[in-house]
Amino acid sequence: MKIYEKLLLENKAWASEKVQDDPEYFLRLSKIQTPEFLWIGCSDSRVPANEITNTQPGEIFVHRNIANMVIHTDVNLLSVLEYAVAHLKVKHVIVCGHYGCGGVKAAMTNHDFKQVLNMWLRNIKDVYRLHRDELHQIDNEEARFDRLVELNVQEQVLHLAKTSIIQRAWKHDQRPHLHGWVYGLKDGLIKPVFEMSANTNIDSLYEYDDL
Ligand code: CO
């Protein structure tokens, strides 16, 4: 059996198990999608949104990229955000990073990862530069790495709040609540590190006054 054939086989077993437990399961899910959460996580295979939160299909709308970044020129991320916030009307947006993130670690080096990855990682280097004073006070390299993971999540949440998508929903609908979380690969636990409730004041430079 080829390695990918195992996935298809497991899929068959999973689907029949679901139907056994609940004959209407797929019929119900196929009709409507009403998730309350948008998850922006890292692509890392060890941080699957549904599994670590024990949620089911239909509960979380998911976007993942390297190091869970919110980049304002990323049409993919912005489309997902717009759809989740304006159409699905999610109540919570969660940016979930993780300790031991390879993307964050790579950004801490001076290695040339070639153009496309360099371009992506540069956004994490910007986070480092913004918080250089705090980070340089941490002698232990592992602890500094952990802290950058947390600060990166915080900055990505702030990036969300800078978008007209979030500000419009805050103004007209008093949602969504923004959360910055960090998942621990070593213990499986999620640590909340930052949050912004609807209409939290942001730097006025980024505020739209005619939404
Ligand atoms: Co990662």
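**Cobalt site and pockets**

Modeller: Along the chain, the cobalt donors are spaced as C-x55-H-x2-C. Keep in mind that this is a predicted model.

Biologist: OK, which residues coordinate the cobalt ion?

Modeller: Cys 42 through SG, His 98 through NE2 and Cys 101 through SG, at 2.0 to 2.3 Å.

Biologist: And where do Cys 42 and Cys 101 lie?

Modeller: Cys 42 is in strand β1, residues 37-42, while Cys 101 is in the loop between β3 (92-98) and α5, so the pair ties together parts 59 residues apart in sequence.

Biologist: Is Cys 42 buried or exposed? What about Cys 101, buried or exposed?

Modeller: Cys 42 is buried, at 6% relative accessible area. Cys 101 is buried too, at 2%.

Biologist: Switching to pockets. How much space lies in the largest pocket?

Modeller: About 330 Å³. It has 14 lining residues, and the closest to its centre are Lys 105, Ala 107, Met 108, Thr 109 and Tyr 128.

Biologist: Which helix gives the most to that lining?

Modeller: α8 does, with four residues. At least two residues each come from α5 (102-107), α6 (115-130), α7 (132-136) and α8 (141-161).

Biologist: How does the lining of the largest pocket divide into nonpolar, polar and charged?

Modeller: Seven residues are charged, four nonpolar and three polar.

Biologist: And the second largest pocket, how much space is there?

Modeller: About 200 Å³. Its lining includes Gln 167, Trp 170, Lys 171, Asn 199 and Tyr 208. That lining divides into four nonpolar, four polar and three charged residues.

Definitions and conventions: Residues numbered from 1 in each chain as written. Predicted model: local features only at pLDDT ≥ 70, side-chain atom pairs only at ≥ 80, totals over all residues. Heavy atoms only, no water. 1 Å grid on protein atoms, 1.4 Å probe; cavity = no way out; pocket = protein on both sides within 12 Å on 5 of 7 lines; lining within 4 Å. Points joined across faces, edges and corners; volume = space filled by probe spheres on them. Nonpolar A, V, L, I, M, F, W, Y, C, P; charged D, E, K, R; others polar. Donors = N, O, S within 2.8 Å, 3.2 Å for Na, K, Ca; no water. Buried < 20%, exposed > 50% of the residue type's maximum accessible area, 1.4 Å probe, protein only.
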